Structure formats: C-alpha cells, structure tokens
Amino acid sequence: MTQPIDFFWFIPTSGDGAYLGSSDLNRAPSYDYLSQVAVAVDRLGYTGVLLPTGAGCEESFVMAAALAPVTRRLKFLVAIRPGVASPAYYARLSSTLDRVSNGRLLLNIVVGGNPAELKGDGVFLPHDQRYGHAEEFFDVFEDLLATGSANLDGEHIKAIGATLGYPPVQSPRPPLYFGGSSDAGIDFAAGRVDKYLTWGEPPAQVAEKIDRVRAAAREEGREVSFGIRLHFIVRETEEEAWAAADRLISKLDDETIAAAAKHFNKESDSVGQKRMFALHQGSRDRLEVSPNLWAGVGLVRAGAGTALVGSPESVAARLREYQEIGIDTVIGSGYPHLEESYRVAELLFPALGIERGEQAGGFLNEFGQKRVFAGGSHGGNLRAAS
Ligand SMILES: Cc1cc2nc3c(=O)[nH]c(=O)nc-3n(C[C@H](O)[C@H](O)[C@H](O)COP(=O)(O)O)c2cc1C
C-alpha cells in the first residue's frame, strides 16, 4: 500500500471569501483570522501550510513567525522571492525562523511571473535571467545555511565574506520546494530543489511534466519528489459538491472574467500561468477539464486555478491517480479556508487513510467507545453509540 499523501493547506494572506469575484461575504486577512485557520489545520492533522508571496499578500516570513507559537506540529512552507533581498539577509531570516519554529520551516522558491509587480520590488530582469539570478542567489544562500560562510562574485550576486551567526535547526538547510513550468524553471528545479510543485493540471499533463523534471534531475545525478497545488470542494454527495462549485462563481460577472483574462495574458510571463489559463481560456462553458477537475477558480484567480470537486470517494480516487504518477504531497485550499479545512479533514482524510488530528471529528470517549452527537439530554450531550 502506498503511503498516505502528505496534505498541506493554504494560509490566505491576501484575503478570503465565499464568492469569487464578489465582495459579498469576504474576509480580510487579519492576523486573528489567519491564526484561526492555522490553529484549525494544526489540530485537524494537516502536515503544513503554504504562505504565498506577492505585493497583495501579508509578508510570508513575518506571518509564519507569528503563526509558529500558536501551532504545535504544523510545518510552514514559506515563499521566498530571491530578487527582493540579498541571500545573506534571507539566510538569516530562514535560519532564525527555523530556530524559533523548532525546525518547522520549508521554503517555496518563487522567482515571480509578473514583470510589472516585480518592477515594484526593484527586479527588472527578463524571465530566464531571473532563474540565472536565482541560481547564484541559492549558491550563496545554501552555503551560508550549511557552513556559515559564503563568497560569490557572480554576474547577478556579489557576496564577499558573507557569514551566518546561527545555523538552522534542519541540517544542512530547510527543504527547498519550487513551482515553475518553463524550460528555465525545470532546469533550475533539476539541479537544486527537493520537491517540485505543479498547479493542478489534468493527470496526463502532470505526468508529462513529472517525467521531464525527473529526467532533467537524473542528468544532474539527483532525485526530486513531487507535489500538486489544488483547491477542494468536497461534500457528502457529488450533487452537493457541484452545487457548491456553481455557488462559488454565482456572483462572478463576465466583465470580471474578461479583465482577469487580460491580466493573465498581458501582464504575466509565467509559463505555469499560461498552462492554467489554457484549461478554460476565459470561458465558463467547459469548466470540468478532466473528471472531477474544475477550472472555475482560475477564471479570476491567478496561479492555482483548479479544484477537485465531488464526494469524498471520487475526490480520493482522483488523488490516487495523481499518486500513481508520482505525486506525494498535496497543497489544498478552499473558500472560505477555515470552513473548507474542516470539510476536507472530516470528509476526505478518512478516504485517503490520513490520520485525523484531535479536532477532526469521530471522537471516542475515554473508554474507547464511539460517541453520538446530541444523543443525550441537555442539548449536545453525547452518549455512547449502541
Ligand atoms: C505551488 C505553487 C506556488 C506558487 N506560489 C507563488 C507565490 O506565492 N507568489 C508568486 O508570485 N508566484 C507563485 N508561484 C509561481 C511560480 O513560483 C513562478 O514564479 C512562476 O510560475 C513563473 O515561473 P514559470 O514561467 O517557470 O512557470 C507558485 C507556483 C506554484 C506551482
């Protein structure tokens, strides 16, 4: 039997809501709300959480540092954008965060795919050169974390006599994750990263990408493992799940879809983003792009644009198909993230053989007997199941 998939969740640091493309029932990414999500998923048995980066997000390292003390086991997959600060500074941030979280840091390398946004951060390099810059950045960064010192007089990075005072808990460094689909991105991944991440494309397209990354890594004498980023709409029945998917885009108008399509095509130079857009091409007509895989989120959301929609059994079956082609990690999300984290843990984890955390329902009394909710008097008392 294959290992249960490693299940991560997402911290919505740019905001959350119940309807895409609408301001109805939306939520600000306040620290109080984000810590509710983090505490919930920590207790529900998720492996970790992804914290994104971007001009519209709360800062990923700071937010992870603030969430570490309120969580117990959760790992923090923190986005690191090499262009925006020096490798020595990021090495200090990473080592300190790994130390204060007691070895719970994972890093998601984000080179960036929106030139207009990158210019705001002072990054003016064209697409492939951003990967050249990232190579030099991580040469210095990795040397510092592993040995405490680094030197490089490179084309993009100059670090002369760089030192790091305190090593990370994880040796030689926290694991490196990365998701980029261009040829330059795949070359970068092959030579350096531990886990390659893909957005939720249909299984055949994911299999083709995995084969490419695997072959490129082998040429470098390396092994890479694989993860997938997906939204989830899981309900007790198929009908309820598809109704929830329809509801999620029920307030999304055509103008908003057209504006998003323009943004994806004009402003982004990310190959991964182009592959996501190609699944729906800005049209809400054919959104089930492969069985149970729905591209509705990507009509307006940049990046992760697909959701697995269905009953626990059908969504688990689809995830097993991804596992068979080499995926061992899922980074999930759902709108709103707090409520959907419960649905996924309570409905889907059992179907995937994932051990639920203490808060994920189905609990036993202290004598190991099953309990029935509201089975007694006093509204909500529990009695042992007969
Ligand atoms: C799982 C995953 C998470 C990502 N997170 C971010 C992010 O937080 N911020 C961002 O700007 N890009 C993010 N990206 C985009 C990529 O890191 C990358 O910069 C972009 O796709 C350009 O690379 P490409 O042209 O090689 O595809 C993410 C991609 C994946 C697959």
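In which helix is Lys 209 placed? Lys 209 belongs to helix H7, residues 203–219.

The structure is a predicted model, in which local features need pLDDT of at least 70 and side-chain atom pairs count only at pLDDT 80 or more, while totals for chains, interfaces and linings use all residues. Residues are numbered from 1 along each chain as its sequence is written, and side-chain values use heavy atoms, with hydrogens and water left out.

**View 1. Surroundings of Lys 209 in helix H7.** Lys 209 has a relative accessible area of 2% and is therefore buried (under 20%; exposed is over 50% and partly exposed lies in between, with a 1.4 Å probe and protein chains only). Leaving aside residues up to four places away in sequence, Lys 209 touches Ser 181, Tyr 196, Thr 198, Glu 201 and Arg 275 (contact: heavy atoms within 4.5 Å).

**View 2. Gln 129 in helix H5.** Helix H5 spans residues 127–147 (helices are DSSP runs of H or I with at least four residues, strands runs of E with at least two, numbered from the N terminus). Gln 129 is partly exposed because its relative accessible area is 38%. From Gln 129 to Pro 336 the C-alpha to C-alpha distance is 37 Å, at a sequence separation of 207 residues.

**View 3. The region of residues 6–328.** An unreviewed UniProt entry lists these residues as "domain: Luciferase-like" (positions follow the numbering used here, feature names are shortened, and annotations may be inferred rather than shown by experiment). Over residues 6–328, helix accounts for 42% of the chain and strand for 20%, and the end C-alpha atoms lie 6 Å apart.
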